[in-house]
Amino acid sequence: MGFKMFCEFTIGFAFGSFLCIYLNVIMKGAPEIIRMLKSLRLPVSFR
Amino acid sequence: MRILPADYIIMAVYLVIVISLGVYVSNQGESAVHMLLADRQIGLYSLAASFIATEWGTISLVFQAGAGGLNPLRQLYAAWALLAAFLIAGFWGIPTITPRRKKLMTAGEIIGERFGKTARIIFGVFMSGVYILLLGALLSAFSRMFAVFLGTSPAFMMLLMVLVAVVYTVSGGMWSVVLTSYIHVFVIGVMIPVSALFSMKAAGGFDALFTELAEIEAKAAPAAATLASDTGPAAIFIKFLLFLCAALCFPTIYARACSARSVGASYKGFLLGAISMLGCAVFSSVIAASAAAVSPKAAGAAAFAKTIVASTPKGLTGLMCAASMGIFMSGCSAYYLAVGRMLSKDVAEQLLPENKKPGDADSIKFLRVGVILSALISFIIGYRSDNLTAVLTFFLTAAASGGAACTLAGVYWKKATKAGAAGSFLAGGTFYAAARFYFHRGYNVAAFGAVIFSFAAMAALSLIFANKTERAV
């Protein structure tokens with residue numbers, strides 16, 4: 001019983017925590033990437 | 001196996017996006033800070049993306065597939081050891097805050113500043129060995145995976161991916177590595193959890209998966225209390241110890257922490273990366289547990305790939321291949337850069353006489369040569385080789401235990417000397433090699449002894465040679 005709960009918790013926690021991190025990284029990372037590219041002063045402007 | 005023309009198009013588009021982004025950012029001024037640290041401009045979330053992309057390949061595939069047999073239970077326990085170790089290192093702040101306070105660029109520099117040239121060269125050589133072997137193991141695992149995905153010899157595909165990774169690493173350095181990591185994570189982060197879910201479904205749902213895990217647990221239970229056990233408390237603790245040592249000294253971690261735009265970004269980015277690692281280890285454990293039901297006859301990396309191919313719906317195979325390419329290339333590019341950096345900064349530049357120190361432009365040339373060399377050597381040793389795991393674990397254990405002893409003593413112990421630093425690397429490695437290959441002890445005993453011996457050698461040699469070599473600071 002204890003082992004089953006451990007497996008359930010581990011797999012559930014893994015999916016849940018990763019989903020949160022993934023959404024954060026993708027949503028908030030995009031503006032960061034654009035800002036970083038702007039700071040590079042590339043030939044194409046992002047304005 | 002079930003690759004359609006459309007899947008090839010998806011993979012080709014992916015490669016084109018990655019290489020054009022990587023080369024696009026290279027058209028900039030060339031300075032060491034630009035190449036090695038992306039001008040210290042990396043934000044929190046892109047840093048976390050880079051952590052995820054780099055470490056996932058190693059954790060999920062090399063340690064799972066490289067071990068030959070798949071043990072999903074070991075991976076499930078190791079996931080928690082990994083999380084605990086990286087969280088402790090993250091909150092402690094050794095890899096993220098210390099180098100930034102000292103305004104240093106690489107892990108080697110930290111050791112060099114405290115323990116001098118010789119220790120820095122030993123560290124550079126050891127760590128380059130670790131990363132080249134890691135790259136070889138990554139290549140060997142992925143070539144077996146792609147053989148399943150493509151259904152033919154993957155030689156062309158592997159060569160193409162290595163070439164793409166080398167081209168963008170050489171041209172843009174850390175900038176390219178971080179920006180392409182974001183693209184890689186975008187694909188990896190969807191496809192790996194999804195394929196874990198599909199393989200769980202193909203194996204018969206969570207209950208079937210649990211039955212499989214419970215069987216492995218029941219088999220392992222009688223020996224769990226012994227030191228030889230793979231999944232017992234002792235084994236988990238030793239894994240935790242080694243993960244902690246690795247988190248405290250591995251150059252790829254320092255390189256990321258140093259390229260963040262602020263201390264806060266490097267601190268939080270590392271913590272986000274640490275939490276995501278639990279997910280990574282668990283997803284690979286789920287796929288490995290499903291492999292027993294879905295493709296029982298295959299072993300290692302091939303079983304991993306066969307399970308993914310058999311359970312993923314046909315339309316998603318191309319994306320799945322793209323995700324695997326992403327894991328492979330992001331791991332490769334970050335490690336190429338790390339080896340290039342170590343061979344140029346920690347080895348070549350230290351061996352040159354004091355009055356012939358190279359400028360920024362020469363440093364970058366050294367770095368590029370290092371990147372190409374590491375790609376070449378790792379390709380030669382990795383492709384079609386099955387026996388890298390034993391050598392790799394030796395190098396990993398020796399470097400992690402010696403490196404952690406040096407870093408910790410360097411930060412906290414004023415009496416530590418360069419004799420202690422050199423000795424800690426050699427003592428850990430010697431103990432591991434002797435225990436494992438001469439006395440044929442299990443991995444647990446050898447690894448635990450290596451860590452203890454490294455720290456003991458650091459303490460003993462520092463005290464013995466305190467006055468002869470250098471005055472305590």
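These notebook entries record what I looked up in a predicted model.

**Entry 1: chain A**

I began with the secondary structure of chain A and found one helix and zero strands. I then turned to burial, where 40% of the 47 residues of chain A count as buried. For the accessible surface of chain A, I noted a total of about 2,800 Å², with 71% of this area belonging to carbon and sulfur atoms.

**Entry 2: aromatic pairs**

I looked up the aromatic pairs next and recorded 28 over all chains. I examined one of them, A:Phe3 with B:Phe210, whose ring centres are 5.9 Å apart. The planes of these two rings meet at 40°, so I entered the pair as tilted; a stacked pair would need planes under 30 degrees apart, and an edge-to-face pair over 60. This pair crosses between chains: A:Phe3 belongs to helix α1 (residues 2-39) of chain A, and B:Phe210 to helix α9 (residues 205-220) of chain B. I checked the burial of both residues and found A:Phe3 and B:Phe210 buried.

I also noted an aromatic cluster in chain B, made up of B:Phe123, B:Phe126, B:Phe394, B:Phe395, B:Phe425, B:Tyr432, B:Phe437 and B:Tyr443.

**Entry 3: B:Asp346**

I located B:Asp346 in helix α14 (residues 317-351) of chain B. Its relative accessibility is 2%, and I therefore listed B:Asp346 as buried, the limit being under 20%. I asked which side chain makes a polar contact with the side chain of B:Asp346. The partner is B:Arg120, at 2.8 Å.

I then listed the residues that B:Asp346 touches, leaving aside those up to four places away in sequence. B:Arg120 appears here again, together with B:Thr106, B:Gly108, B:Glu109, B:Ile121, B:Phe123, B:Gly124 and B:Arg341. Of these contacts of B:Asp346, I marked B:Phe123, since B:Phe123 is also a member of the aromatic cluster.

**Entry 4: cysteines**

I searched all chains for disulfides and found zero. B:Cys249 is in no disulfide, and the nearest cysteine sulfur, in B:Cys245, is 7.0 Å away. A disulfide would require the two sulfur atoms to be within 2.5 Å. I recorded B:Cys249 as buried because its relative accessible area is 1%.

I asked why B:Cys280 forms no bond with B:Cys332, which has the closest cysteine sulfur. The sulfur atoms of B:Cys280 and B:Cys332 are 16 Å apart, which is too far for a bond. With a relative accessible area of 1%, B:Cys280 is likewise entered as buried.

How values were computed: Residues numbered from 1 in each chain as written. Chains lettered and ligands numbered in written order. Predicted model: local features only at pLDDT ≥ 70, side-chain atom pairs only at ≥ 80, totals over all residues. Heavy atoms only, no water. Phe/Tyr/Trp six-rings, centres within 6.5 Å; stacked < 30°, edge-to-face > 60°. Helix = DSSP H or I, 4+ residues; strand = E, 2+ residues; numbered from the N terminus. Buried < 20%, exposed > 50% of the residue type's maximum accessible area, 1.4 Å probe, protein only. Areas by Shrake-Rupley, 256 points an atom, 1.4 Å probe, with all protein chains shown as cover. Polar contact = N/O pair within 3.5 Å; in protein donor to acceptor, adjacent residues only side chain to side chain. Contact = heavy atoms within 4.5 Å.
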